[in-house]
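Below is a short note for someone opening this entry for the first time. Please read the points with the model on screen.

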Amino acid sequence: MSFKPEDENFRERVRASFSRQGFMRLLGAELTRVEPGFCEIAVARRDDLTQHHGYLHAGVVGTIADNAAGFAAQTLIPTGASILTVEYKLN
């Protein structure tokens with residue numbers, strides 16, 4: 001499937017928005033790839049981000065999934081529009 005962004009500067013807009021998110025800095029998250037309809041965010045495993053079994057905490061995973069989906073959507077919307085998650089579900 002091919003997506004066509006409405007804003008040719010979508011990458012810069014997404015990267016600027018990502019850089020304003022203090023929580024992403026706290027997690028050490030990196031915006032590694034931005035394409036039309038696609039966004040990849042990476043977080044290195046750190047002990048302070050894990051749960052009691054040593055896995056990356058689901059709260060971190062959910063946050064990254066929510067942000068990646070929102071930024072993927074943001075690549076396709078016109079300048080001046082915004083995205084806000086009102087509900088999501090992870091299994």
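**Packing of the helices and overall make-up**

1. The buried residues of α3 pack against three elements: α1 (10-19), α2 (22-27) and β2 (38-42). This is a predicted model, and the remarks below should be read with that in mind.

2. Which residues of α3 are buried? They are Val-60, Gly-62, Thr-63, Ile-64, Asn-67, Ala-68, Gly-70, Phe-71, Ala-72 and Gln-74. Helix α3 itself covers residues 58-74.

3. The length of α3 can be checked by simple arithmetic. Its 17 residues, at 1.5 Å a residue, should span 24 Å, and the C-alpha atoms at its ends are 24 Å apart, so the expected and modelled spans agree.

4. For context, the protein has three helices and two strands. Read from the N terminus, the order of the elements is α-α-β-β-α. Along the principal axes, the C-alpha atoms fill a box of roughly 45 × 25 × 25 Å.

5. How many residues does the protein have, and what share counts as buried? There are 91 residues, and 31% of them count as buried. The accessible surface comes to about 6,300 Å², with 53% of that belonging to carbon and sulfur atoms.

6. Contacts along the chain deserve a line of their own. Taking contacts between residues at least 6 apart in sequence, 53% join residues at least 24 apart.

7. On charge, the protein carries 10 positive and 11 negative side chains. The centres of the two sets lie 1 Å apart.

8. Turning to α1, its buried residues are Phe-10, Arg-13, Val-14, Ser-17 and Phe-18. These residues cover an arc of only 130 degrees around the axis, which means that they sit on the same side of α1. Their cover includes α2, β1 (30-35), β2 and α3.

9. Ile-64 is found in α3. Is Ile-64 buried or exposed? Its relative accessible area is 13%, and because buried means under 20%, Ile-64 counts as buried. Not counting residues up to four places away in sequence, Ile-64 touches Met-24, Leu-27, Ala-29, Ile-41 and Val-43. Ile-64 and Asp-7 are 57 residues apart along the chain, and their C-alpha atoms are separated by 24 Å.

10. Gln-74 also has its place in helix α3. With a relative accessible area of 11%, Gln-74 is buried. What is Gln-74 in contact with, leaving aside its neighbours within four places in sequence? The partners are Arg-13, Val-14, Ser-17 and Ile-83. Of these, Arg-13, Val-14 and Ser-17 are among the buried residues of α1.

11. Arg-25 is found in helix α2. Its relative accessible area is 56%, and because exposed means over 50%, Arg-25 counts as exposed. Apart from residues up to four places away in sequence, Arg-25 touches Ser-19 and Arg-20. The C-alpha atoms of Arg-25 and Asp-66 are separated by 16 Å, the two residues being 41 apart along the chain.

12. To recap for a second look at the model: Ile-64 and Gln-74 are buried, whereas Arg-25 is exposed. The contacts of Ile-64 include Met-24 and Ile-41, and those of Gln-74 include Arg-13 and Val-14. The buried residues of α3 pack against α1, α2 and β2, while α3 is among the elements that cover the buried residues of α1.

Notes: Residues are numbered from 1 along each chain as its sequence is written. This is a predicted model: local features need pLDDT of at least 70, side-chain atom pairs count only at pLDDT 80 or more; totals for chains, interfaces and linings use all residues. Side-chain values use heavy atoms; hydrogens and water are left out. Helices (H or I, at least four residues) and strands (E, at least two) are DSSP runs, numbered from the N terminus. Buried means under 20% relative accessible area, exposed over 50%, partly exposed in between (1.4 Å probe, protein chains only). Contact means heavy atoms within 4.5 Å. Accessible areas come from the Shrake-Rupley method with a 1.4 Å probe; for residues, only the protein chains shown count as cover. Lys and Arg count as positive and Asp and Glu as negative; His and the chain ends are not counted. The place of a charge is taken as NZ of Lys, CZ of Arg, CG of Asp or CD of Glu. The expected span of a helix is 1.5 Å times one less than its number of residues. The arc is that of the directions from the helix axis to the C-beta atoms.
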